[in-house]
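Biologist: Could you pull up the model, so that we can go through a few side chains together?
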Amino acid sequence: MNAPFQFLCGNAVSPEYLRSLDTPHFTEQQIEQFHEQAQVAVRHQQTYIDTHPAIAIFRCAAEGSQTRKGGVIQQGTGPLAFKLESGLSVRVALKGDYVRYADGSTAQIITGAGQANNDVALVGSVLSNGDEIINTPQGGYVFIAREGVSMVEDFLPAIAH
């Protein structure tokens, strides 16, 4: 994982992007064609989304993710792999994985999406040396923060330095 990636994503997104996350996936005409239980489930989910609009995203960190101080995740140990537009496949990083710096030193990822979310590392995860993951080569896999809905307690916890 030595080649730099052309396309790196952070967590900053436009209000339009956040609104797009709340767009219904089905038209009312399509929903009417579903089995009754499916109709109820789809309408329930849309009501939830309407009541709790997206307010932020947190992208999953993967091999090639960079840190504020110039480190790079060389090897992700998660079971999920992302296929990039370039065709390259990169593995998701987890809390406990390491970042390598140009001088050969390493730091461990110490925060992530929480145990309930398999401790997936995120853009925003903190490292054992106080550094922070600032981007990722994959842009599609995100955790969505919603208005009025708490994330799990151990989701990117604040770390005192």
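Modeller: Here it is, and please keep in mind that this is a predicted model. A place to begin is helix 1, which covers residues 15–20 and holds both Glu16 and Arg19, three residues apart, or about one turn of the helix.

Biologist: What do the side chains of Glu16 and Arg19 do there?
Modeller: They meet in a salt bridge, with a nitrogen-to-oxygen distance of 3.6 Å. As background, side chains of opposite charge can pair when their charged atoms come close.

Biologist: And how many salt bridges does the structure hold?
Modeller: The structure holds four of them. Another one is formed by the side chains of Arg43 and Glu28, where the N to O distance is 2.2 Å. That pair links distant parts of the chain, since Arg43 belongs to helix 3 and Glu28 to helix 2 (residues 28–32), with their positions 15 residues apart in sequence.

Biologist: How accessible are Arg43 and Glu28?
Modeller: Arg43 has a relative accessible area of 33%, so it is classed as partly exposed, and Glu28, with 36%, is likewise partly exposed.

Biologist: Which residue does Arg68 pair with?
Modeller: Arg68 forms a salt bridge with Glu132 through their side chains, at 3.1 Å from N to O. Arg68 sits in the loop between strand 1 (54–59) and strand 2 (72–73), while Glu132 sits in the loop between strand 6 (106–108) and strand 7, so this pair ties together parts that are 64 residues apart in sequence.

Biologist: Are those two buried or exposed?
Modeller: Arg68 counts as exposed because its relative accessibility is 57%, whereas Glu132 is partly exposed, with a relative accessible area of 27%.

Biologist: Switching to cysteines, how many disulfides does a search of the whole structure find?
Modeller: Zero disulfides turn up in that search. Cys9, for instance, is in no disulfide, and the nearest cysteine sulfur to its own belongs to Cys60, 12 Å away.

Biologist: Why is there no bond for Cys60?
Modeller: The closest cysteine sulfur to that of Cys60 is the one in Cys9, and because the two are 12 Å apart, they are too far from each other for a bond; the cut-off for a disulfide is 2.5 Å between the sulfur atoms.

Biologist: Where do these cysteines fall, buried or exposed?
Modeller: Cys9 counts as buried because its relative accessibility is 7%, and Cys60 also counts as buried, at 7% relative accessibility.

Biologist: Back to helix 3, what does the side chain of Gln39 reach?
Modeller: Gln39 is placed in helix 3, which covers residues 36–51, and its side chain reaches the backbone oxygen of Glu32 at 3.2 Å. If residues up to four places away in sequence are not counted, Gln39 touches Ile31, Glu32, Gln33 and Phe34. With a relative accessibility of 18%, Gln39 counts as buried, because the limit for that class is under 20%.

Biologist: Last one, where is Met151 found, and what is it in contact with?
Modeller: Met151 is found in the segment that follows strand 7 (142–146). Leaving aside neighbours within four places in sequence, Met151 is in contact with Phe58, Phe143, Ile144 and Ala145. Met151 counts as partly exposed, at 28% relative accessibility.

Biologist: How are Met151 and Glu32 separated?
Modeller: Their C-alpha atoms are separated by 33 Å, and the two residues are 119 residues apart along the chain.

How values were computed
Residues numbered from 1 in each chain as written. Predicted model: local features only at pLDDT ≥ 70, side-chain atom pairs only at ≥ 80, totals over all residues. Heavy atoms only, no water. Buried < 20%, exposed > 50% of the residue type's maximum accessible area, 1.4 Å probe, protein only. Helix = DSSP H or I, 4+ residues; strand = E, 2+ residues; numbered from the N terminus. Polar contact = N/O pair within 3.5 Å; in protein donor to acceptor, adjacent residues only side chain to side chain. Contact = heavy atoms within 4.5 Å. Salt bridge = Lys/Arg side-chain N within 4 Å of Asp/Glu carboxyl O.
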